[in-house]
Amino acid sequence: FVKIYGPKMVENCVQALAALLIREQMVDIGVKFRVVLQVHDEIVVAVPKDQAEGARAWIEQCMVTPPTWASGLPVACESGVAVNYGDT
């Protein structure tokens with residue numbers, strides 16, 4: 001007899017879905033910019049200063065577009081631009 005705690009199973013499924021999604025987003029972003037770090041649901045990208053705002057808009061678009069395998073999945077993101085990782 002094995003007891004499964006339902007909420008923990010749901011949380012694991014949600015985290016697995018989030019991991020698949022963010023990895024696909026990293027591939028899409030990596031086509032134009034260098035992805036340097038990923039922490040949980042965060043993607044850090046190195047971009048020249050003069051391209052920062054345009055890159056930000058494009059990266060946000062990548063991150064709010066649902067994947068083809070889950071076209072109705074609601075996705076959203078927040079972003080920031082900084083010279084140092086800790087400044088965002």
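Before reading off any side chain, I fix the terms: a residue is buried under 20% relative accessible area, exposed over 50%, and partly exposed in between. I also note at the start that this is a predicted model.

**Entry 1, the salt bridge.** I searched the whole structure for salt bridges, and the search gave 1. The partners are E60 and R56, whose closest N and O atoms are 3.5 Å apart. I then looked up where the two residues sit, and both belong to helix α2, 4 residues apart, which is about one turn of the helix. With a relative accessible area of 27%, E60 is partly exposed because this value falls between the two limits. R56 comes out as partly exposed too, at 28%. As a general remark for the margin, side chains of opposite charge can pair when their charged atoms come close.

**Entry 2, the nonpolar core.** Next I asked which residues build the largest nonpolar core. There are 8 of them, namely I22, I29, F33, I43, A55, I59, C62 and M63. I checked which elements supply two or more of these residues, and found α1 (6-30) and α2 (52-64). The largest share comes from α2, which gives 4 residues to this core. In general, nonpolar side chains tend to be buried together in soluble globular proteins. I followed I59 further: once its neighbours within four places in sequence are set aside, I59 is in contact with I29, F33 and V45.

**Entry 3, a glutamine among these residues.** Is Q25 buried or exposed? Its relative accessibility is 6%, so I enter Q25 as buried, the limit being under 20%. Q25 lies in helix α1. Leaving out the neighbours within four places in sequence, I list I43, C62 and M63 as the contacts of Q25, and I find these three names among the residues of the core as well.

**Entry 4, the hairpin.** I then turned to the strands, where β1 (residues 34-39) and β2 (residues 42-46) pair in the antiparallel sense over 5 bridges. Within this pairing, Q38 stands opposite I43 of β2, and I43 is one of the core residues. The hairpin has 2 residues between its strands, and I looked up H40, which is placed in the loop between β1 and β2. The phi of H40 is near 50°, a positive value in a residue other than glycine. At 71% relative accessibility H40 counts as exposed, because the value is over 50%.

**Entry 5, a surface patch.** Which residues make the nonpolar surface patch of about 310 Å²? I read off V36, L37, V39 and Y85. I picked out L37, which is found in strand β1 and is partly exposed, with a relative accessible area of 35%.

**Entry 6, the loop after β2.** Lastly I looked at V47, which is found in the loop between β2 and α2. V47 has a relative accessible area of 26% and is therefore entered as partly exposed. Not counting residues up to four places away in sequence, V47 touches F33, A52 and A55, and of these I had already noted F33 and A55 in the core. I also took the separation of the C-alpha atoms of V47 and R34, which is 7.3 Å for two residues 13 residues apart along the chain.

Note on methods:
Residues numbered from 1 in each chain as written. Predicted model: local features only at pLDDT ≥ 70, side-chain atom pairs only at ≥ 80, totals over all residues. Heavy atoms only, no water. Core = buried A, V, L, I, M, F, W, Y, C linked by side-chain atoms within 4.5 Å. Buried < 20%, exposed > 50% of the residue type's maximum accessible area, 1.4 Å probe, protein only. Contact = heavy atoms within 4.5 Å. Pairing = 2+ DSSP bridges. Salt bridge = Lys/Arg side-chain N within 4 Å of Asp/Glu carboxyl O. Patch = residues over 30% accessible without salt bridge, like charges linked within 9 Å, V, L, I, M, F, W, Y side chains within 5 Å. Areas by Shrake-Rupley, 256 points an atom, 1.4 Å probe, with all protein chains shown as cover.
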